[in-house]
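Biologist: I would like to learn how to read a model of a protein chain step by step, beginning with the whole fold and ending with single residues. Could we work through one together?

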Amino acid sequence: MILNRRLMLGLAAGGAMARLAPAAAQELRPHEKELYEAAKREGQITWYTGQYQAEPSQAIGRGFTERFPGITVNVVRSTSQVAFQRLAQDMRAGVAQCDVFSSTDHSHAAYLKRQGRLMPYKPHNAEGLIRAAKEAGDPDGHFQVTYLGLFLMARRSTDVSEAEAPKSWKELTDPKWRGRIAVGHPGYSGAITSWCLAMREKYGWDYFKALEKNQPQIGRSSADPVTMLNAGERQIGAAIPSATTLLSISRGNPITLIYPTDGTLMVPAPSGALKDAPHPNAAKLFMEFMTSPTYYAVTRPFFSESLRPEVPPPPGSRPLDEVPLITADPKALERDGQEVKELWRDTFGV
C-alpha cells in the first residue's frame, strides 16, 4: 500500500542535521545510569538479529560496549527467519539464551507479544525517535521499531546502462532479463516476505509466475544479490537493501541503485527484549541503546537510515520525502506471510 502523507512527513523529519560527540564522551541519562549499574552485574547480553549484515551487527555490539564498558554483546546474526526459528527452538526446549530479538518481519514481534514472550518495556530514548518509528512500534511497549529498511533494485553498471535498466518492479518480468536477476528468499528473509506481499497486492501472484520464467538466481538473505552483482554472476538485483548496496558502492563496486517508479519498499523492523531474558537489565539497557542517537551514529557508516533527527541520513541516498514508498500491511504479514512462502516454493521450486 502507498504510505500516507503523515507517515511521509514523519520519515522526512529524520533528515534534520546535527553533530554528535563520540559515544564515550556523551553523558549517560539518569535512566541509563540506573540500568547500567544493574546491567554491569550481569556482564553480558545475547542478541539474535536479522536486521543488519554481520559487519554492522558486530559494530553495534562494539558500540554498546564502548558506551557501557563491562558489558559484552554476544551477536548472533542470521537472516530474520533463521533467527526466529532459533528462538522458537530455544522456547520449545525451555532454554533462555536470547536477551533481545531483532527481525525484519513485523509478524515475528506480533506473535511473540501474543504468546507473552516479550518484556513490556518501552525505552525512554524511544521518545526521541522520528514519528514514523514511534507510530510503527507496539503501543503497549513490547517491541519498538529500531530499523527502517529500504528495499529497491540495482544494476551492475559495467554491464547494464541506465537507459537499458528496468525502471519498475514490473519490468523485471521482461524476457530480456532472463538469467540476469538475483533475489533473496521469503523463507529466510522477512524483508523478502514483505516484498512478496507488496508485489502480490499490486500485481497478483501472476507477477511471480512471470518472474520465475526469467530464472532468477535465488539466495537467502535480501543482501545476497549484492554479493552476486559484485561477483558479476547477475546484472540486476531485486528487493535488495539500500544500506548494504550503498556500502558496497562506497567500496568501489560497480553498482548503481534503481528507485522503482512503482514504489521503493519500506520495511519497519522491530526489536524487543525477551520476558525470560537471562540478563534482563542488560536487555533493557540494550533497548535504550538501540533507540538512542549513539546507535544511529554507529550504524550510519554502514548507510542505514537514521531514526533520530540528531543523526543525518546516509550519504548517497535520496531524501525519503522524494521517494515513492510502499509497504506491506503488518496484518497481512502475520495473516498471509506463511502462505506467500509456500506459494514461492511452489512457483520457484526452492
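Biologist: Among contacts in the chain between residues at least 6 apart in sequence, what percentage join residues at least 24 apart?

Modeller: Before the number, please keep in mind that this is a predicted model. Of the contacts between residues at least 6 apart in sequence, 79% join residues at least 24 apart.

Biologist: How many helices and strands does the secondary structure of the chain come to?

Modeller: The chain has 13 helices and 10 strands. Its radius of gyration is 20 Å, close to the 20 Å that the globule rule gives for 350 residues, so the chain is as compact as a globular protein of that length. Taken along the principal axes, the box filled by the C-alpha atoms is roughly 60 × 45 × 40 Å.

Biologist: How should I read the surface, and what percentage of the residues of the chain count as buried?

Modeller: A residue is called buried when its relative accessible area is under 20%, and by that criterion 58% of the 350 residues are buried. The chain exposes about 14200 Å², of which carbon and sulfur atoms supply 49%. As for charge, there are 41 positive and 37 negative charges, and the mean positions of these two sets are 1 Å apart.

Biologist: Which residues touch the most other members of the largest nonpolar core?

Modeller: That core has 66 residues, and those touching the most other members are W47, F64, V100, F101 and F286. Helix α11, spanning residues 280-290, provides the largest share of this core with 7 residues. There is also a second, separate core of 32 residues, which includes I192, W195, L211 and A239.

Biologist: With which residues is W47 in contact, leaving aside its neighbours within four places in sequence?

Modeller: The partners of W47 include I60, V73, V75 and V76, and also V100 and F286, two residues that are themselves named with W47 among those touching the most other core members. Polar names appear in the list of contacts as well, among them S57, N74 and S102.

Biologist: Turning to the backbone, what is the phi of A239, and where is the place of A239?

Modeller: Phi of A239 is near 55°, a positive value in a residue other than glycine. A239 sits in strand β7, residues 236-241, and, with a relative accessibility of 1%, it counts as buried. F303 can be read in the same manner: it is not a glycine, yet it has a positive phi of about 70°. F303, however, belongs to the loop between α12 (293-299) and β10 (325-326), where it is buried with a relative accessible area of 10%.

Biologist: How far apart in space are S107 and D336, C-alpha to C-alpha?

Modeller: Although 229 residues separate S107 and D336 in sequence, their C-alpha atoms are 9.9 Å apart in space. S107 lies in helix α5, residues 106-114, whereas D336 lies in helix α13, residues 330-348. S107 counts as buried at 13% relative accessibility, and D336 is likewise buried at 13%. Not counting residues up to four places away in sequence, S107 touches L333 and E334, while D336 touches L197 and R200. D336 can also be paired with T193, which is 143 residues away in sequence and 9.5 Å away in space, C-alpha to C-alpha.

Biologist: For comparison, is V82 buried or partly exposed, and how far apart in space are V82 and E32?

Modeller: V82, which is part of helix α4 (residues 80-93), is partly exposed, with a relative accessible area of 29%. V82 and E32 are 50 residues apart in sequence, and their C-alpha atoms are 31 Å apart. Q115 offers another case, being found in the loop between α5 and α6 (131-136) and counting as partly exposed at 43% relative accessibility. Between Q115 and V145, which are 30 residues apart along the chain, the C-alpha separation is 19 Å.

Biologist: Then I should read the separation in sequence and the separation in space side by side, as with S107 and D336, which are 229 residues apart in sequence and 9.9 Å apart in space.

How values were computed:
Residues are numbered from 1 along each chain as its sequence is written. This is a predicted model: local features need pLDDT of at least 70, side-chain atom pairs count only at pLDDT 80 or more; totals for chains, interfaces and linings use all residues. Side-chain values use heavy atoms; hydrogens and water are left out. Helices (H or I, at least four residues) and strands (E, at least two) are DSSP runs, numbered from the N terminus. The radius of gyration is taken over C-alpha atoms; the globule rule is 2.2 Å times the number of residues to the power 0.38. Buried means under 20% relative accessible area, exposed over 50%, partly exposed in between (1.4 Å probe, protein chains only). Contact means heavy atoms within 4.5 Å. Accessible areas come from the Shrake-Rupley method with a 1.4 Å probe; for residues, only the protein chains shown count as cover. Lys and Arg count as positive and Asp and Glu as negative; His and the chain ends are not counted. The place of a charge is taken as NZ of Lys, CZ of Arg, CG of Asp or CD of Glu. A nonpolar core is a set of buried Ala, Val, Leu, Ile, Met, Phe, Trp, Tyr and Cys residues joined through side-chain atoms within 4.5 Å.
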